[in-house]
Amino acid sequence: QTENLTFSTNVSEKILKKIEIKSNFKFDLKQEIIQGIIGGPDKAFILREEELEHFNKDEKKFIKMIHTNSGRFLTPDTDKYILYLRKENIEYIDHYPNIKNKLIKFKHRLLDRREVKNNKIKWFHLWWPRNELFFISGPKLVWAKRTEGKRFTYTEKPIYGTANMFFIKSERVSLKYLTALLNSELFYFYMDERLKHTGDLLQIDKNQFSKIPLYVPDKIQGFEKLVDDIIVAKKNNEDIRMLENQLDQLVYKLYDLDEDEIKIIEDSISI
């Protein structure tokens with residue numbers, strides 16, 4: 001039994017090294033990846049869908065749908081919203097009485113934040129609103145820090161998220177291609193073996209993400225089309241297993257894995 005376990009571990013390690021040696025791309029952790037919004041506390045700024053009717057037209061321009069988790073290729077809409085209030089977009093809360101009424105019961109806690117005490121933000125501002133350019137329209141890759149794995153989303157629509165979410169924007173690489181890579185069986189195998197866990201969940205923060213050995217080949221068109229097809233199929237509630245299998249086979253080929261290595265990966269994931 002011990003010999004079998006050792007053999008299995010050695011073979012897995014060989015596959016992991018094979019993935020790592022192909023790595024040729026790194027994101028700039030300061031410029032291209034951000035964590036989601038921190039309200040301080042979040043619940044002061046979070047709204048339920050039924051509360052939206054209490055705000056007027058001018059106030060609704062600050063209200064954005066908020067996500068706490070990501071989906072596989074596609075993240076569905078939620079019924080939660082956030083008052084996206086930052087010093088760049090709101091200076092006087094008295095101009096927006098319904099927003100003020102929502103926040104006022106949290107005022108004592110909001111006033112106690114370091115940045116408010118240092119006059120960097122006002123009491124009604126989000127503590128860390130982040131750079132809104134990462135949330136608005138345009139290609140982006142999104143995932144949740146605490147995840148079962150294979151829950152990376154590609155979208156070009158606006159999407160705002162809490163601190164459990166991470167966002168990538170970059171013009172140096174196809175984010176659609178990388179979404180394919182990160183949602184593959186091969187990369188789930190890698191993350192499960194190499195990255196941090198909390199219980200049954202992976203913990204993929206910015207630093208953990210930076211450890212994933214990304215490989216960008218010269219030609220990626222096949223991957224991008226598959227991601228497009230999977231997203232359309234998911235929107236239509238169609239079975240995507242065949243498309244996912246095609247994607248997995250492309251990734252195995254990309255990393256030069258043989259049939260025995262593929263079987264090891266798929267057997268380990270099915271356990």
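**Exercise 1. In which loop is the place of R86, and is R86 buried or exposed?**

Solution. Begin with the position along the chain of this predicted model: R86 lies in the loop that runs between β4 and α3, the latter being residues 97-103. Next, take the relative accessible area of R86, which is 15%. Since buried means under 20% relative accessible area, R86 is therefore buried. Finally, look for its contacts beyond four places in sequence, and you will find that R86 touches H125, P129, R130 and E132.

**Exercise 2. Describe the surroundings of F124, beginning with its loop and ending with its separation from E238.**

Solution. First, locate F124 in the loop between α5 (114-117) and β5. Second, read its relative accessibility, which is 3%, so that F124 counts as buried. Third, set aside residues up to four places away in sequence; the residues that F124 then touches are F45, L85, I90, E91, Y92, I93, L103 and R113. Fourth, follow the chain from F124 to E238, a step of 114 residues, and note that their C-alpha atoms are separated by 44 Å. For scale, the C-alpha trace of the chain spans about 70 × 40 × 35 Å along its principal axes.

**Exercise 3. Work out the order and pairing of the four-stranded open sheet, and then those of the three-stranded one.**

Solution. In the four-stranded sheet, the strands follow the order β2-β4-β3-β8, and their pairing is mixed. Its edges are formed by β2 (46-48) and β8 (160-161), each of which pairs on one side only. Moving inward from β2, three bridges join this strand to β4 (residues 80-83), and the two run antiparallel; within this pair, R48 has K80 of β4 as its bridge partner.

In the three-stranded sheet, which is also open, the order is β6-β11-β10 and the pairing is antiparallel. Here the edge strands are β6 (146-147) and β10 (197-198), each pairing on one side only. Two bridges join β10 to β11 (residues 201-203), again in antiparallel fashion, and the bridge partner of H197 in β11 is L202.

**Exercise 4. Which strands pair with β9, and which way do the side chains of β9 point?**

Solution. Take one partner at a time. Strand β1 (residues 33-35) pairs with β9 in the antiparallel sense over three bridges, and Q35 stands opposite F166 in β9. Strand β5 likewise pairs with β9 in the antiparallel sense, over four bridges, and A144 stands opposite M165. Now turn to the two faces of β9: M165 and F167 point one way, F166 and I168 point the other way, and all four are buried.

**Exercise 5. Determine how α7 is set against α10, and which residues make the contact.**

Solution. Start from the axes: those of α7 (residues 185-194) and α10 (residues 241-254) come within 8 Å and cross at roughly 65°. Angles from 65 to 115 degrees count as roughly perpendicular, and the two helices are therefore roughly perpendicular to each other. Then list the residues that meet, namely E185, L186 and F187 from α7 with D248, V251 and Y252 from α10. Sorted by class, this contact has four nonpolar, no polar and two charged residues. As a last step, check how far α7 is covered: seven of its ten residues are buried, and these are E185, L186, F187, Y188, F189, Y190 and M191.

**Exercise 6. Place F187 in the largest nonpolar core, and set that core within the chain as a whole.**

Solution. The largest nonpolar core holds 51 residues, and F187 is among the five that touch the most other members, alongside F27, F209, L214 and Y255. The elements giving two or more residues to this core include α1 (2-21), α6 (175-182), α9 (221-235) and α11 (259-270), as well as α7 and α10. Leaving out neighbours within four places in sequence, the contacts of F187 are I19, L181, L182, I212, P213, L214, V251 and Y255. A second core, separate from this one, has 35 residues, including F45, I82, L126 and F167.

For the wider setting, the chain has eleven helices and eleven strands, and buried residues make up 49% of its 271 residues. Among contacts with a separation of 6 or more, 71% join residues 24 or more positions apart.

Methods. Residues numbered from 1 in each chain as written. Predicted model: local features only at pLDDT ≥ 70, side-chain atom pairs only at ≥ 80, totals over all residues. Heavy atoms only, no water. Pairing = 2+ DSSP bridges. Axes fitted to C-alpha atoms, helices over the stretch in contact; angles between N-to-C directions. Parallel < 35°, antiparallel > 145°, perpendicular 65-115°, else oblique. Contact = heavy atoms within 4.5 Å. Nonpolar A, V, L, I, M, F, W, Y, C, P; charged D, E, K, R; others polar. Core = buried A, V, L, I, M, F, W, Y, C linked by side-chain atoms within 4.5 Å. Buried < 20%, exposed > 50% of the residue type's maximum accessible area, 1.4 Å probe, protein only.
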